[in-house]
Amino acid sequence: MSIRPAAPGDLNRILALAEAQREEYAGFQPRFWRPAAAAAAAQRQYLLGLIEDGDAVALVSEPSFGYAFGTLLAAPPVYERGPACLVVDFAVEDRQLWPRVGVELLAALRVMARDRGATDVVVVTARLDGPKRAALTAAGLVPASEWWVGRLDAP
């Protein structure tokens, strides 16, 4: 397996995988993960911008396909830590690839983020995405927060 920088020519494959992940996540928690009607078009522009941004990290793996995109964010001033690399999109083409491909993509992303000045990595995932959560644990990450979702008109 090789990991390389993502290129504009990778976008169709990335977007197909991202759409499948959106559908899966919508099944896990429809209110929070509900895809927007124009999700693919919006994501194409967003990810293309990250590919072209010299400060972002944009990687793909092949032949076992997966991708990871990260951006650097300053820590809020109330916390004593450096910038974090927020992994804004991260998927593999088959759930069975998380232990190897997912972990290796994350390792490569972490090296590149560290080289850009990041001190931490932050990955968001669906609570019910067991294979991805196991890969994050295998990569040495630990849960740091939870997001709770509810309607505003409910008691």
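Start by selecting helix H1 and whatever packs over its buried residues: the cover includes helix H2 (30-33), helix H3 (39-52), strand E2 (57-62), strand E3 (66-73), strand E4 (84-92) and helix H5 (130-138). The model on screen is predicted.

**Stop 1: helix H1**

Keep residues 11-28 selected, since these make up H1. How far apart are the end C-alpha atoms of H1? They are 25 Å apart, and at 1.5 Å a residue the 18 residues should span 26 Å, so the two values agree.

Now colour the buried positions of H1: Leu11, Ile14, Leu15, Leu17, Ala18, Gln21, Arg22, Tyr25 and Ala26. A general point helps in reading such a list: an α-helix has 3.6 residues a turn, so residues three or four places apart point the same way.

**Stop 2: Gln21**

Stay in helix H1 and pick Gln21. Is Gln21 buried or exposed? Its relative accessible area is 14%, which is under the 20% limit, so Gln21 counts as buried. Next, show what surrounds Gln21. Apart from neighbours within four places in sequence, Gln21 is in contact with Asp89, Phe90, Ala91 and Lys132.

**Stop 3: Asp10 and Arg4**

Move to the loop between E1 and H1 and select Asp10. With a relative accessible area of 10%, Asp10 is buried. Which residues does Asp10 touch, leaving aside its neighbours within four places in sequence? They are Arg4, Pro5 and Val60. Leu48 can be added to the view as a distance check: Asp10 and Leu48 are 38 residues apart in sequence, with their C-alpha atoms 9.8 Å apart in space.

Turn to the charged groups here. Side chains of opposite charge can pair when their charged atoms come close. Arg4 and Asp10 form a salt bridge, with 2.7 Å between the closest N and O atoms. Arg4 itself is partly exposed, at 25% relative accessibility.

Arg4 also forms a salt bridge with Glu62, where the closest N and O atoms are 2.8 Å apart. Why does this pair tie together parts that are 58 residues apart in sequence? Arg4 lies in strand E1 (residues 2-5) and Glu62 lies in strand E2, so the bridge joins those two parts. Glu62 is partly exposed, its relative accessible area being 28%.

**Stop 4: Glu24 and Arg95**

Select Glu24 and Arg95 together. Their salt bridge has its closest N and O atoms 2.4 Å apart. This pair also links distant parts of the chain: Glu24 is in helix H1, whereas Arg95 is in the loop between E4 and helix H4 (98-115), 71 residues apart. Glu24 is partly exposed at 28% relative accessible area, and Arg95 is partly exposed at 36%.

Then bring Arg4, Asp10 and Glu62 back into view: salt bridges that share partners join these three into one network. How many salt bridges does the whole structure hold? A search finds six.

**Stop 5: the aromatic cluster**

Select Tyr25, Phe28, Phe32, Trp33 and Trp147, which form one aromatic cluster. A pair of aromatic rings is described by the distance of the centres and the angle of the planes. The count of aromatic pairs comes to six. One of them is Tyr25 with Trp33, an edge-to-face pair with 4.8 Å centre to centre and 75° between the planes. Tyr25 is buried, with a relative accessible area of 3%, while Trp33 is partly exposed at 24%.

Trp33 also pairs with Phe32: the ring centres are 4.9 Å apart and the planes stand at 90°, so this pair is edge-to-face. Phe32 counts as partly exposed, at 35% relative accessibility.

**Stop 6: Trp147 and the surface**

Last, follow the cluster to Trp147, in the segment after H5. Is Trp147 buried or exposed? It is exposed, because its relative accessible area is 62%, and exposed means over 50%. Switch on the surface and select Phe32, Trp147 and Val149: together they make a nonpolar surface patch of about 330 Å². Phe32 and Trp147 were met in the aromatic cluster, and in the patch they are joined by Val149.

Technical notes
Residues are numbered from 1 along each chain as its sequence is written. This is a predicted model: local features need pLDDT of at least 70, side-chain atom pairs count only at pLDDT 80 or more; totals for chains, interfaces and linings use all residues. Side-chain values use heavy atoms; hydrogens and water are left out. Helices (H or I, at least four residues) and strands (E, at least two) are DSSP runs, numbered from the N terminus. The expected span of a helix is 1.5 Å times one less than its number of residues. Buried means under 20% relative accessible area, exposed over 50%, partly exposed in between (1.4 Å probe, protein chains only). Contact means heavy atoms within 4.5 Å. Patches are made of residues with over 30% relative accessible area and no salt bridge: like charges are joined within 9 Å, nonpolar side chains (Val, Leu, Ile, Met, Phe, Trp, Tyr) within 5 Å. Accessible areas come from the Shrake-Rupley method with a 1.4 Å probe; for residues, only the protein chains shown count as cover. A salt bridge is a side-chain nitrogen of Lys or Arg within 4 Å of a carboxyl oxygen of Asp or Glu. Rings of Phe, Tyr and Trp (its six-membered ring) pair if their centres lie within 6.5 Å; planes under 30 degrees apart count as stacked, over 60 as edge-to-face and the rest as tilted.
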